Amino acid sequence: MFEIQNGQLKTSVRELVEFVYSAGDIDHRRGTGSNEIKAMQAGMKIHKKLQKSAGSGYAAEVPLKMECLIGTREKITLVLEGRADGIITDSKGQITIDEIKGMYQDVLAMEEPQYVHYAQAMCYAYIYGMDEGLEKISLRLTYANLDTEEVKYFPYEYSMKEVSRWFEDTLEKFQPWVDLLVDLRKKRDESIAKVEFPFPYREGQKELVVNVFKVERLKTPLFIQAPTGVGKTLCTIFPTIKAMGEGLGNKLFYLTAKTITRTAAKNGMEQLYAKGLAFKTIILTAKEKTCPYELQCDPEGCPYAGGHYDRVNDAVFDAIHSLDVFDREEILNLSEKHKVCPYEFSLDLSYWCDAIICDYNYVFDPNAHLRRYFGDGSGGDYLFLVDESHNLVDRARGMYSAWLSIEHMKKLKSFFRGKDVRVSRSVNRVIKNLESLCQGMTEEFVVLDDITALTVYADDLMTEITRFLEVHRGEVSMEEVLEDFFGLRDFVNISGLLDEHYCVYARDLGKDFGVRLFCVDPSKNLEFYLNQANSTIFFSATLLPMPYYKSLLRGGEHEDYAIYAKSPFDPKKRGVFIATDVTTKYSMRGPKQYQRTYDYIKSVAQAKIGNYMVFFPSYRYLEDVSAFYVQEDFDILTQESNMSEEDREVFLNTFAVTQREKSLVGFCVMGGIFSEGIDLQEDSLIGAIVVGTGLPQVNVEQSIIERWFAAEGKGFDYAYMYPGLNKVLQSAGRVIRTEADEGVVVLLDERFCKKEYQGLLPREWESIQYVTQDTVGKKIGDFWHNL
């Protein structure tokens, strides 16, 4: 929101008054999840209509700007900008500032304007009046109903002395925040200049740090293949903070897919704090994980919602003076102290923080991104660090895709029956169009060439529901059809993104059918958000093959920098073995292969007593191999589907025991909860056995991806091989987590011997040995003996 650059603080009139005069309740009953874009479009339409009909003395959309000094500790220049909806000059030369607001509520019942709207008009009056040397000036607050177009005016007339006193009082309220910002930035920049890397550089780390800083100076993206042990978190955070000290960015976004990587980022920041860094960091957590009142976002359901905006600025001011790192626990404590919504409080607090650690969706998701940072597409002085970037491909596909189900529409139809004729009429049009698109389907899915009518009808339905919710705000709860409503909202929003990167298809699911907007290539949509940052660093331990990720995250036309960081670990401590006589091919599956797979596991586990994990391609395959288990061979621990947090913890804690009479083998599923993001060090895990190539199951969308990229000769690779390889590498990466670790990686599938796979395996796997069922025990025994 507010940033100081080159001695200036630039902000808009609206931002200033909404901040200074923050007041009121949180009340999502007025239209939870309503379509803001549609309401905005309707507002623009009524604006233009009123402006056009106002006559020749009406100047519409007048840009206004002023500069003044502000601050008690250090004077900086406040640059205040805005655009008056209208400036009216009457026949006597009297000036009136017109501020237009469109809304669905009954404007004729309003007794007074909202104060923040009045404050906007007063700021425009001050800027224009001072520029023109006026002695007096008038205001007119114009409220228009977006549905009926009824209008109500609130007129005011002041001397410029009165306007000036009001404006000076506004700046006086804002001044403590300017002083705070000056103090924070001064302390931060001074500390950045002095802070040093917290540890002696290991091999390759200094080179990585330098390269990150260089590309941030060039304001260009960078892709990093960063093997485990490189210290990728600290080696990207440190140079990015140094870049901020050089004026190359003002806010760091550390973006993650999982909670554990957010914790690693927080730990990295705290290591720099120990070296004297003065920095404010916040970890944003999903609303459902911070709300103590089950998302009842209104004064009746939540004691924090009533008067939240009256108290939130004081809460932020106290927090910034109290702490440097704000995680979920601290935010909950502070929200309890000040009686404010913890989620909304955390978003406001983020304005005053230097680093924001959060999930991908806070930046990239069109329905969930932080609108205060990315809503208008203008961007800011941001630097993005995208951790575990291999996850972003599938996450982005999900973010930019949508599904419109006929069952969801029928639920909406039932809900609105008897409540609103216009909504009912509109939802019927959507249902009929869906039925016509899906009628006579003989295959599982059908690609659609034209859904113009459906998108128009869905858009109209969204408009009607938005109108209904605004008119009946606080009177009607949509809780029972919230999921259906959000599905419609997502479909409408995503339909505006449709282009050549999408495949639109109808699908019959038996009891339900509908239309899917599937984003096959998310690079174009990601680009909109990536362009709002000065630079983006993509990094992961499994960003292979890199051209695949560069293509789907940035688009094939970009020639971004890429580096492969050197692993600091001794390659002799990692044994890599590939089986040449076992396979998981569907056509070969059966008791013979299951028995052979089990025998391999047994040989590895008995070559040295310790803790091992086996990663299977599916729960079914795990069960088929488990059928051959003999209790005397080793102890077994099996991953179950839908394990609770407590169950997961118990499972992992079992590996803390390292002194055993016989080996412990964890039977897990590739791509599951234990194949990524867990950190079992030293003897807690001495072997990872990966069963199969990890190919995704054949389904509608994998088939679409394969066909899509087939023209480039990459169909099978993009749909199956590369996503499967990532699961393999993630699973294999569970062993060898520190310099002290020793362990084996065993790949059980003859396909890994083929040329197309050999060229994709990590370069730090220097000495791969090929084994058969007869030789695996001896070769792995030799590896352990030779350490």
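**Exercises on a four-stranded sheet, a pocket and a cavity**

In this predicted model, strand 14 and strand 17 (residues 513–519) pair in the antiparallel sense over 4 bridges. The exercises below start from this pairing and then turn to the empty spaces.

**Exercise 1.** Work out in which order the strands of the open sheet lie, and which strands form its edges.

*Solution.* Begin with one pair of residues that links the strands: Ser-405 has Gly-514, in strand 17, as its bridge partner. Next, place this pairing in the whole sheet, which is open, has 4 strands in the order 14-17-16-15, and is paired in the antiparallel sense. The two ends of that order are the edge strands, strand 14 (402–405) and strand 15 (445–447), each of which pairs on one side only. Finally, consider how the strands are turned: on average, neighbouring strands of this sheet make 20 degrees with each other when direction is ignored.

**Exercise 2.** Identify the helix that packs on this sheet, and state which strands the helix touches.

*Solution.* The helix to look for is helix 24 (residues 700–710), which packs on the sheet and touches strand 15, strand 16 (502–508) and strand 17. To describe how helix 24 is oriented, compare its direction with that of strand 16, with which it makes about 145 degrees.

**Exercise 3.** Describe the second largest pocket by its volume, its central residues and the elements that line it.

*Solution.* Start with the volume, which is about 1,200 Å³ for the second largest pocket. Its lining is made of 47 residues, and those closest to the centre are Thr-228, Gly-229, Lys-232, Asp-679 and Arg-737. Then assign the lining to elements: helix 6 (232–245), helix 7 (259–273) and helix 25 (715–732) are the elements that give two or more residues to it, and helix 7 gives the most, with 6 residues. Sorting the lining of this pocket by class yields 18 nonpolar, 17 polar and 12 charged residues.

**Exercise 4.** Find how many cavities of 30 Å³ or more are counted, and characterise the lining of the largest cavity.

*Solution.* With the cut-off set at 30 Å³ or more, the count comes to 1 cavity. The largest cavity holds about 100 Å³ of space. Of the 14 residues that line the largest cavity, Ile-26, Cys-291, Cys-297, Cys-302 and Cys-341 lie nearest its centre. Helix 11 (residues 342–350) gives the most to this lining, with 3 residues. As a last step, divide the lining of the largest cavity by class, which gives 10 nonpolar, 2 polar and 2 charged residues.

Notes:
Residues are numbered from 1 along each chain as its sequence is written. This is a predicted model: local features need pLDDT of at least 70, side-chain atom pairs count only at pLDDT 80 or more; totals for chains, interfaces and linings use all residues. Side-chain values use heavy atoms; hydrogens and water are left out. On a 1 Å grid over the protein atoms alone, a cavity is a set of points where a 1.4 Å probe fits but cannot get out, and a pocket is an open set with protein on both sides within 12 Å along at least five of seven lines; lining residues have an atom within 4 Å of a point. Grid points are joined across faces, edges and corners, and a volume is the space filled by probe spheres set on the points. Ala, Val, Leu, Ile, Met, Phe, Trp, Tyr, Cys and Pro count as nonpolar, Asp, Glu, Lys and Arg as charged, and the others, Gly among them, as polar. Two strands pair if DSSP finds at least two bridges between them. Axes are lines fitted to C-alpha atoms, for helices over the stretch in contact, and angles run from 0 to 180 degrees between N-to-C directions. Contact means heavy atoms within 4.5 Å.
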